[in-house]
Amino acid sequence: MKPFDQGTTRLGLRSFRAKFILVVGGAVLFDLLVTGGLALFNVQRLSRDATTEVGQGLEKANQDYIRSYAETTAARVNLLLNQVHSDVGTLAGVLQAQIDRPVRESQIGEAMARGAPGTVTVTYDEKGGWAQNRPGPLSVVSVWGYLLDANHAPLPEVQTDIENSAVLDLVAPSLLANGQSKLQMYYIGPKERPIFRTAPYTDQAQTFDRLYPGHNQAEFWPFFFPGLYDSWEQWAKNPASRPVNSDITQTAPYTDAITGKLIVSFFQPLWSRDRDRVAGAAGADITLDQLAEIVENVRVADSGFGFLTMSDGNVVAINPVGEKVIGLQSSSDTSGEGVTGLDRSLRNSAQAAIAKLPLDQGGLLQHVLLDENGEKVPYLVVLKQLQPSNLWVSGPVRRESMLLGVVVPEREIYASLFAAQAGITEATNRILIYQVLALLVSLLFVTSAVFAISKRITGGISALADAARRIQTKDYSVRVDIPTRDEVGEAGAAFNRMAEQISYHTENLEQLVEDRTKEIEEANLQISELNEQLRSENLRLGAELAVARRIQMMVLPKARELEEIPAVEIAAYMRPADEVGGDYYDVLRDGERLKIGIGDVTGHGLESGVLMLMVQSVARALQEAGDMDPAQFLNRVNRALYKNIVRTNANKHLSLAFLDYDGSRLMLSGQHEELIVVRSGGCVERIDTLDLGLPIGLEPDISAFVATQEVAFAQGDMIILHTDGVTEAEGPDGELFGIERLCESARRRHGQSAEEVKAGIIEDLMAHIGTQKIHDDITVVVMRHR
């Protein structure tokens, strides 16, 4: 056979490799050019379309939406106030008609006295020094001491007012039952005879005695509402002096004497027949809950909220989330006489941007930056003024226009981004279709090329197949003749050489067997030597694991350290599943402060044990540096561990939680198994830590996820910390020990020492496991308040 030139075959253009590169390479290049060009063209067009759409419509659409939302909510608040105004006006109209028609007033009063004597007959209370009708009628009427004669009976003109005001029993029940919900409706007499009649019936005067000492020795109107009656008298002289063209007067929110709720009162003064003086007042109360319900139910985007504020910045309604976001601080002003007000001002907000909001601009839309966890977050604030009203706080009545505010994070209001995303998705689908079409064209091209040369290649391969079958029948004299000078031809030459070698080895088989036997004996000798080396290596590794376990146990808290803690008994137990465990616990002490940590590294063995030692070392270093703040402490442990995990390329992380105790407060932080608390009376509580942190080592910064929770820890209380090796320990039948068994084991031993409780829990656990293999590390820490 003619010798085969390998160099020429591999590099020549006639070689199989060269043909393959030319055909397939050309097809791939064509595919890349077509699909890449189409993809670039479509991505550029998509980018232009998305940018144009978002830029033109986003800002205006969202601002219009928020303004519209604020106006709608403001209209609901105005509707609530108008409904209450209407009901007060109806009651005032009935009472005013009585005053304007004295004959009818006296007739109705006499009829009420005959038909319902309980509503006009009052009884003197010696302890309180006032008179009041007994329970039974629909309303309660209270007569203060200075309106009684020497026999403790109402003065004649006062008794007349009592009888005439009994018409409230006819009107108020219907008004209370219909329209906007009201807490109570009432009539208050003029300055010289301020009897107080309220529907429904309550222990009115008794409550005033308890909440407002001295009220029965002072004039009613100046004591409870200083300046209000004077303003009305000024209106009688000059109606144009009213701040708002209405007699309805609203109070700022205050604590109601009867119910203890925060309420808003609405008054309408009653006038004498000649309209030159005040003849009393009709009124109604609504709870602040009714206003707050509308405002607190504001929902814009995911976390937007609303608030209702007076023009001086005092917020009267806001939900707890919104109160926290805009940094409000609440306090109740209980000083002085009269009603108790609510003080929760925007001007005292912890957020500088909120404190500086211009409250005199209705319809304001403003972008502000609010601090959240040390980061400036952009928000959009819309203020909408409500209809003006006459407001009494203390002193003269003034004009008031409350404002409704809507606050929403800017990142949540860009709804038009969804349209842009839809456009991006559509364009992406177009790219995918074009790429698939281009791929199909390329595949068709490659297939055509392969078919074009397949006949030439198949002939040589068929000859090789036939020759292989003859070799299988032990015809070692077979040879192939493939004239092509490509890889198939080279394979034919190789086949011929292989056939010659098979023929030669067949003829010399006995010698080959002997040679192979010697080689096997030499290999067996080498294997024996390697086995001996392996035994030595196993002994060395066993010694190293023993040292690692000893080091791990050495850094755990010693019994004498735990006994020196004066206020708390601490007992602990740790048993690794392998020579080296991945559980962690430690007790760090800094004077009177304690930090008790517990954690569980994923898996167990040497690598998990090393990570456990890292946690112990980092925690000890931070404690020595004085860094004991729970949230910062946990985040810094995570940062140090994350860097080590990345450096060592270890696929590990751990759950980790800390208890901080300073002798009075016990704070829990970090995500781990449930905390079990057994109270001194035997009651068991379980505290979930899922929302208090994030597993250590997953992210470089977990500060956003770390939270703290205060746990009550009184004398005789006991806390059990554990890893999942306790609750997931299997019995012989495969049943887990479980959190319920652990709680019951601890509860049965409440009142015992921490060491006794720990020993009892371990005894119950081991009895449950029996002869079953322990698959995970087991750690239990018991704390008991001495």
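Being 3 residues apart in helix α19, E744 and R747 are separated by about one helical turn, and the side chains of this pair meet in a salt bridge with an N to O distance of 2.7 Å. The model described here is a predicted one, and this report begins with the charged pairs of helix α19 before turning to its buried residues, the neighbouring sheet and the chain as a whole.

**Salt bridges of helix α19**

E744 also forms a salt bridge with R748, where the closest N and O atoms are 3.9 Å apart; E744 and R748 both lie in helix α19, with their positions 4 residues apart in numbering, about one turn of the helix. Beyond these two pairs, a network of salt bridges links E744, R747, R748, R749 and D764. Side chains of opposite charge can pair when their charged atoms come close.

As to exposure, E744 is partly exposed, with a relative accessible area of 32%, and R747 likewise counts as partly exposed at 32% relative accessibility. R748 has a relative accessibility of 45% and therefore counts as partly exposed, since that class lies between 20% and 50%.

Elsewhere in the chain, E192 and R193 form a salt bridge whose closest N and O atoms are 3.7 Å apart. E192 is partly exposed at 42% relative accessible area, and R193, at 22%, is also counted as partly exposed. The count of salt bridges comes to 23, and three of the pairs discussed above are set out in the table.

| Salt bridge | Distance, N to O |
|---|---|
| E744 and R747 | 2.7 Å |
| E744 and R748 | 3.9 Å |
| E192 and R193 | 3.7 Å |

**Buried residues of helix α19 and what covers them**

Helix α19, which spans residues 738-748, has buried residues as well as the charged ones named above: G738, I739, L742, C743, S745 and A746 are buried. The cover over the buried residues of α19 includes the strands β24, β25 and β27 (718-722), together with the helices α18 (724-727) and α20 (754-769).

**The open sheet**

The strands β24, β25 and β27 belong to an open sheet of 5 strands, whose order is β19-β28-β27-β24-β25 and whose pairing is antiparallel. At the edges of this sheet stand β19 (568-575) and β25 (684-687), each of which pairs on one side only. Neighbouring strands of the sheet are turned against each other by 15 degrees on average, with direction ignored. Within the sheet, strand β24 (residues 675-678) is joined to β25 by 4 bridges, and the two run antiparallel; here I676 stands opposite R686 in β25.

**The chain and its surface**

Taken as a whole, the chain contains 20 helices and 28 strands, and buried residues make up 45% of its 786 residues. Of the contacts between residues at least 6 apart in sequence, 66% join residues that are at least 24 apart. The chain exposes about 39,800 Å², of which carbon and sulfur atoms supply 54%. On this surface, I433, Y434, L437 and L440 make a nonpolar patch of about 380 Å², and one of these residues, I433, lies in helix α12, which covers residues 417-472.

Terms used
Residues numbered from 1 in each chain as written. Predicted model: local features only at pLDDT ≥ 70, side-chain atom pairs only at ≥ 80, totals over all residues. Heavy atoms only, no water. Buried < 20%, exposed > 50% of the residue type's maximum accessible area, 1.4 Å probe, protein only. Contact = heavy atoms within 4.5 Å. Areas by Shrake-Rupley, 256 points an atom, 1.4 Å probe, with all protein chains shown as cover. Patch = residues over 30% accessible without salt bridge, like charges linked within 9 Å, V, L, I, M, F, W, Y side chains within 5 Å. Salt bridge = Lys/Arg side-chain N within 4 Å of Asp/Glu carboxyl O. Pairing = 2+ DSSP bridges. Axes fitted to C-alpha atoms, helices over the stretch in contact; angles between N-to-C directions.
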